[in-house]
Structure formats: C-alpha cells, structure tokens
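Q: I've got a model open and I'd like to learn how to read it feature by feature. Can you walk me through it?

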Amino acid sequence: MGGEALFRSGGVGPLMPGAEHVAPYAAYRCPYGTSTIGASADACARMVEYVLEREGDVAAFVAEPMRAVPHIPPPGFWRRVRNACDRHGTLLIFDEIPTGLGKTGKMFASQHDGVVPDIMVLGKALGGGILPIAAVIARPELDVGAAYAFGHYTHEKNPVTARAALTTIQIIEDEELTENAAKIGAFALARLYDMKSHHPLIGDVRGLGYLLGIELVTSRVSKAPASAAAEAVMYRALENGLSFKTTFGNVLTLTPPLTTTEAEMARALDIIDEAIAGVAGQKP
C-alpha cells in the first residue's frame with residue numbers, strides 16, 4: 001500500500017491494488033498550499049472525507065498517527081478522521097511502529113488526540129531494541145486470526161521475544177519512561193527553537209516527546225532543501241559520537257532512547273549545534 005516511490009523502486013511490486021493515497025498534512029511544506037499546520041490538517045481531513053465519500057466502500061484507512069518526519073497533527077485532527085471512518089464503516093488502522101511505546105510522551109501517539117484505532121501495529125521498540133518482534137492489536141470482534149491458518153512461520157509466536165516485549169512494556173511503565181520523554185522532549189524542542197534563531201541553515205524545527213526534527217534549507221525564503229549540508233552535519237555529528245538519520249534528505253530526525261537524560265540530551269544538541277555551525281562556516 002505504500003506510496004513512497006523510494007520503497008517501490010528496483011522491481012518491488014505491484015503493490016496491493018485498490019489502494020488510494022491522500023496527501024498528508026505538513027505546515028512547512030504543505031502539499032495543499034497552506035502555511036499553517038491547522039490549515040494543512042483541515043485540508044488533509046477534508047480530502048480524507050472526500051475520498052471516503054467518493055469511493056463509498058473503503059475497508060480501512062491506514063496511517064501513522066504522527067508522521068515520523070516528524071510532523072505533529074493539531075488537536076482534533078484524528079478525532080475528525082475517526083468520525084469520518086465511523087460514518088462510512090471504514091476501519092481505522094494506526095501504524096505506531098515509529099511513534100508508539102512512549103516515543104511521543106504518551107504510550108501511543110494516538111492518545112494525544114484521544115482516539116482509539118480499530119487496529120494498531122507495533123514493532124521494533126517492542127523488543128527493547130534487541131530482539132525482533134512485532135504485534136497487531138485489534139478490537140475483540142476483529143481479533144479473529146487464531147481461527148484461520150494464514151500460513152506458518154518459523155519465528156511465529158516465539159516465547160523468548162514475547163517475554164522481551166512484555167518486559168519492555170513493564171520497564172517503560174515502572175521507570176516512567178514515557179513521562180521522561182515528554183519532559184526531556186520539551187526541553188529539547190525549546191533548545192532547538194533557540195538554535196534556529198542562531199542558524200540560518202535551520203528552516204524549521206518541530207517535534208513532540210522524543211520524536212524531533214530539524215529541517216535544513218539553503219534559504220528560508222525559498223525553503224530549498226539543504227540535503228548536502230544535512231549529510232555533512234550528520235557525519236560531523238557521527239564523528240563526535242552522535243548517531244541519527246536524515247529524512248527526505250534534509251531533515252535531521254532525532255529519536256533518542258526513552259532512557260535519555262537531560263544531560264545526555266543537552267550534550268547531543270551541543271554536538272548538533274557545533275556540527276551545523278561548522279558546516280555553515282565552510283566555503284562553498
């Protein structure tokens with residue numbers, strides 16, 4: 001169902017037929033031509049409503065409740081989508097693999113809008129970053145998988161990884177790591193706004209909890225992506241002991257472990273600050 005060309009290249013496909021794609025919300029680079037997150041989210045929600053109405057028989061709407069670029073939806077957006085799905089008999093499925101288990105300052109990103117999906121997908125962090133395990137959680141009336149033989153997999157229902165998943169959840173709760181992500185994430189976002197005021201290379205900063213993004217541009221007027229600079233910043237930071245990835249080529253995407261302390265976050269942001277200053281100071 002994926003719509004990103006990068007993941008469909010090299011002979012992968014055809015993808016599932018019958019899938020419709022709706023352009024996402026994004027205040028800084030809004031595909032609908034708006035300039036605020038509220039207006040962008042409104043345009044996106046209206047498009048979701050339009051597609052559901054036009055198609056008339058959509059089985060499910062699948063989305064990340066918080067785009068991992070990241071882009072943060074305004075309050076009420078997912079409630080509006082939830083209501084639209086309910087009106088049309090469409091299941092709401094959330095991919096919480098990058099956002100779930102405390103990353104955004106709540107156990108699940110969908111909780112920020114008070115929305116419960118019909119089906120939720122988890123993975124990666126579920127195994128504590130050590131053991132591979134994923135999970136599909138569904139409303140009881142949709143949890144019918146046990147009655148069918150979908151095919152059997154060598155590592156299906158592995159008791160060791162299942163125990164790791166349960167222990168991971170227990171540690172997140174016992175050590176209040178979700179609350180830690182909310183608190184230190186707010187500290188980090190404030191620091192990023194301060195960095196933006198000092199670095200013209202930074203066009204936008206955004207985030208929630210431990211899902212943070214720094215978008216680098218060659219010009220704040222044109223918003224042209226500074227992809228080469230982003231890569232240079234990434235490698236300068238790596239040389240100083242900080243690892244992260246870039247998204248869309250020019251967004252420094254920070255997703256630190258839930259156990260990250262304020263002192264560790266401050267040091268990480270110091271490294272990024274120094275790396276951006278160093279790259280910006282280079283001669284073309």
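A: Sure. We'll begin with packing, and for that you need one cut-off: contact means heavy atoms within 4.5 Å. Keep in mind that this is a predicted model.

Q: Let's take a helix, then. Which elements do the buried residues of α1 pack against?
A: An α-helix has 3.6 residues a turn, so residues three or four places apart point the same way. Here, the buried residues of α1 pack against β1 (60–63) and α2 (77–88). The buried set consists of Ser40, Ala41, Ala43, Cys44, Ala45, Val48, Val51 and Leu52.

Q: How far does α1 reach from its first C-alpha to its last?
A: Helix α1 covers residues 37–55, and its 19 residues reach 27 Å, close to the 27 Å expected at 1.5 Å a residue. Just after α1 comes glycine 56, with a positive phi near 80°.

Q: On to charges. How many salt bridges are there?
A: The idea is to look for a side-chain nitrogen of Lys or Arg within 4 Å of a carboxyl oxygen of Asp or Glu. By that rule the count comes to 15 salt bridges. Some of them join up: Asp42, Arg46, Glu49, Arg80 and Arg87 are linked in a network.

Q: What does arginine 29 form a salt bridge with?
A: Its partner is glutamate 215, and the closest N and O atoms are 2.4 Å apart. Arginine 29 sits in the segment before α1 and glutamate 215 in strand β6 (residues 211–216), so the pair ties together parts that are 186 residues apart in sequence. Check the surroundings too: arginine 29 is partly exposed at 35% relative accessible area, whereas glutamate 215, at 3%, counts as buried.

Q: And which side chain does aspartate 273 meet in a salt bridge?
A: That one is arginine 191, at 3.5 Å, N to O. Aspartate 273 belongs to helix α6 (residues 262–280) and arginine 191 to helix α4 (residues 177–198), so this pair links parts that are 82 residues apart in sequence. Aspartate 273 is partly exposed, at 22%, while arginine 191 counts as buried, at 18%.

Q: Now the interior. Which residues have the most contacts inside the largest nonpolar core?
A: In soluble globular proteins, nonpolar side chains tend to be buried together. In this model the largest nonpolar core has 42 residues, and those with the most contacts inside it are Ile214, Leu216, Phe244, Leu252, Ile272 and Ile276. Elements giving two or more residues to this core include β3 (119–122), α3 (159–174), β5 (202–208) and α5 (227–239). The largest share, eight residues, comes from α6. For a close-up, try isoleucine 276: setting aside residues up to four places away in sequence, it touches Met195, His199, Leu201, Ile202, Leu216, Val233 and Leu252. Apart from this core lies another, of 16 residues, among them Tyr25, Phe61, Cys85 and Val115.

Q: What about a charged residue inside: how far is glutamate 96 from the nearest side chain of opposite charge?
A: When a buried charge has no salt bridge, go through its polar contacts. Glutamate 96, in the loop between β2 (91–95) and β3, is such a case: the nearest side chain of opposite charge, lysine 103, is 11 Å away. Its side chain does make a polar contact of 2.7 Å with that of threonine 99. In addition, the backbone nitrogen of serine 110 lies 3.1 Å from a polar atom of the glutamate 96 side chain. Leaving aside neighbours within four places in sequence, glutamate 96 is also in contact with residues including Pro65, Phe108, Met120 and Leu122.

Terms used: Residues are numbered from 1 along each chain as its sequence is written. This is a predicted model: local features need pLDDT of at least 70, side-chain atom pairs count only at pLDDT 80 or more; totals for chains, interfaces and linings use all residues. Side-chain values use heavy atoms; hydrogens and water are left out. Helices (H or I, at least four residues) and strands (E, at least two) are DSSP runs, numbered from the N terminus. The expected span of a helix is 1.5 Å times one less than its number of residues. Buried means under 20% relative accessible area, exposed over 50%, partly exposed in between (1.4 Å probe, protein chains only). A nonpolar core is a set of buried Ala, Val, Leu, Ile, Met, Phe, Trp, Tyr and Cys residues joined through side-chain atoms within 4.5 Å. Lys and Arg count as positive and Asp and Glu as negative; His and the chain ends are not counted. A polar contact is a pair of N or O atoms within 3.5 Å; within protein, one must be able to donate a hydrogen and the other to accept it, and residues adjacent in sequence count only if both atoms are side-chain atoms.
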